[in-house]
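Student: I have this model open next to my sequence and would love a close look at a single part. Could you choose one, set the scene around it, and then take me through it slowly?

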Amino acid sequence: MKNKYIFILSLTFLSSLLLSLFSEGLKEKTLFNKELDKKKNLLQTIGIDTKVMNSEEIIKSFKDNIIEVTLDTDGNVYSNINHNQFEVIEDNTTGELTYYVNGIEYLPAFSSTTMNAFILPISGKGLWSSLYGYFAIDNKNYSTVKGITFYQHGETPGLGAEITKDWFKSSFIGKEIYSDNNIKSILVSKAGQADENNSYEVNGISGATITSRGVEVLLKRDLLRYENYFRNNK
Amino acid sequence: MNKKIFIDPLIDNNPISRQVLGICSALAVTVKLEQALVMTLALTFVVTMSNVIISMLRNYIPSSIRIIVQLTVISTLVTLIDKALAAYMYDLSKSLSVFIALIVTNCIVMGRADGFAMQNNIKDSFLDGLGNGLGYGMMLILVAFFRELFGFGTVFDYRIFPETFNNGLMILAPGAFIILGLIIWVQRSITSFVEE
């Protein structure tokens, strides 16, 4: 009778010890992979092909092509604030990320002079999970879409997870987020029903209406947060 | 005798096509060969190791808590695999992570631990685990081969059919059901096995 408890206690103790040692030992490598994956996705949004690059090449290409920018909500640039100083708060119902330094809200962004792009992080809810990604637009007119990527999500493979596929991502390229001087963002229509000639409309994913709709909602919300900056720099 | 323990689950008593276990993951991760291969390796590792560990402990495990003990061992192994993948094969781990975690609930693993390793010695349990893992994997790879070939027109991402060749039916769930059903049908008509 007593043996039972001693047995299960020692077993769970041993396995948790093993797991924590293992996890701690691989932590640095896992974090490095996560950061590298974000860099890879950032480079993809501005149209750089990372498929054939190894990790050093990705880090080098990132250094050569992309710089961090910090804005406040009025669109002013703060060169003395780094992204790693941010305290990030996630809204659990909308998936919206907000960034604070000493209680003041800032907006993180990236700029690429080599590829003429302005990149902002995007996030929001899909069907099962939060979607995190990047959205790049032209840095002259702040309207023409350069690219979109999602580096983290928990959507169904084959359905919602299609947001990471080339056909979906490339349908955004060349679209305009401004129409009639207002941020219209990009409408994600039902699958196959988008008007191809429309400059602000793309096809959604068949069988994943909620994920598609989620992308539309998060894009518009996150783009509007940067509107002041776009207006000041257009 | 030993040889039979290893060979049997490969074909005659295959966990997927004969016992129809582990179907859920077999349908989910067979879109591409690369995923199927990693899943095969992960499951083979888990089922073999859990069989060995359970067999080592079999005379000490109090029978009233044996399922909990088996689950603890299995989920520890699965978490180890998941962490290792995230550290060394990040891209694959991103697409497989949810399925890797579900190895815990794969009935093949629990079934072998409780049904075989609890009664048999370490060597036999090792062979049984290896056989069942590979038997499962063989089916996975077979299904994935057809789905990738007819769905994307590639084999291990190597292009066989032209780029325009693309078949959504094979990529989505129905493709897996159809291919797996055909395989089971073919195998059963050859062995003339009938479910009692």
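**A close look at helix α4 of chain B**

Tutor: Happy to! Let's set the scene with chain A, which has five helices and 11 strands. Please keep in mind as we go that this is a predicted model. Chain A has 234 residues, and 31% of them are buried. Its C-alpha trace spans about 75 × 45 × 40 Å along the principal axes. If you take the contacts in chain A between residues at least 6 apart in sequence, 54% of them join residues at least 24 apart.

Now for chain B, the home of our helix. Chain B contains nine helices and two strands. Following the sequence, you meet these elements in the order α-α-α-α-α-α-α-β-β-α-α. Of the 196 residues in chain B, 42% are buried. The C-alpha atoms of chain B fill a box of roughly 60 × 45 × 25 Å along the principal axes. A compact globule of 196 residues would have a radius of gyration near 16 Å, and the 17 Å of chain B agrees with that. For chain B, 75% of the contacts between residues at least 6 apart in sequence join residues at least 24 apart.

The part I would like to show you is α4(B), which covers residues 66-88 of chain B. Let's begin with its place between the two chains. In all, 17 residues of chain B are in contact with 18 residues of chain A. On the chain B side, the largest share, nine residues, comes from α4(B). Sorted by class, the side of chain B that touches chain A has 12 nonpolar, four polar and one charged residues.

For a view from across the boundary, find Leu19(A), which lies in helix α1 (residues 2-45) of chain A. Once its neighbours within four places in sequence are set aside, Leu19(A) is in contact with Thr76(B) and Thr79(B). Is Leu19(A) buried or exposed? It falls in between: a residue needs 20 or more other C-beta atoms within 10 Å to count as buried and 12 or fewer to count as exposed, and Leu19(A), with 15, is therefore partly exposed. For a sense of scale within chain A, Leu19(A) and Leu107(A) are 88 residues apart in sequence, and their C-alpha atoms are 37 Å apart in space.

Next, let's see how our helix packs inside its own chain. Two packed helices are described by the angle between their axes and the distance between the axes. One partner of α4(B) is helix α5 (residues 90-101) of chain B, with an angle of about 165° and axes 8 Å apart. Angles over 145 degrees count as roughly antiparallel, so α4(B) and α5(B) are roughly antiparallel to each other. The two pass in a left-handed crossing. From α4(B), the contact uses Val78(B), Ile81(B), Asp82(B), Leu85(B) and Ala86(B). From α5(B) come Tyr90(B), Leu92(B), Ser93(B), Leu96(B), Ser97(B), Ile100(B) and Ala101(B). By class, this contact has nine nonpolar, two polar and one charged residues.

Another partner is helix α6 (residues 107-117) of chain B, which packs on α4(B) at an angle of about 130°, with the axes 10 Å apart. That angle makes α4(B) oblique to α6(B). The crossing of α4(B) and α6(B) is right-handed. Here Arg66(B), Ile67(B), Gln70(B) and Ile74(B) of α4(B) meet Val109(B), Met110(B), Ala113(B) and Asp114(B) of α6(B). This contact has five nonpolar, one polar and two charged residues.

If you want another pair to set beside it, try helices α7 (residues 122-152) and α9 (residues 173-191) of chain B, which pack at about 130° with their axes 10 Å apart. α7(B) and α9(B) are therefore oblique to each other, and their crossing is right-handed. The contact joins Met139(B), Leu142(B), Val143(B), Phe146(B), Arg147(B) and Gly151(B) of α7(B) to Gly175(B), Ala176(B), Ile179(B), Leu180(B) and Ile183(B) of α9(B). Its classes are eight nonpolar, two polar and one charged residues.

To bring it together, α4(B) gives nine residues to the side of chain B that touches chain A, is roughly antiparallel to α5(B) and is oblique to α6(B).

Definitions and conventions. Residues numbered from 1 in each chain as written. Chains lettered and ligands numbered in written order. Predicted model: local features only at pLDDT ≥ 70, side-chain atom pairs only at ≥ 80, totals over all residues. Axes fitted to C-alpha atoms, helices over the stretch in contact; angles between N-to-C directions. Helix = DSSP H or I, 4+ residues; strand = E, 2+ residues; numbered from the N terminus. Parallel < 35°, antiparallel > 145°, perpendicular 65-115°, else oblique. Left-handed = near helix turned anticlockwise from the far one by under 90°. Contact = placed C-beta atoms within 7 Å. Nonpolar A, V, L, I, M, F, W, Y, C, P; charged D, E, K, R; others polar. Rg over C-alpha atoms; globule rule 2.2 N^0.38 Å.
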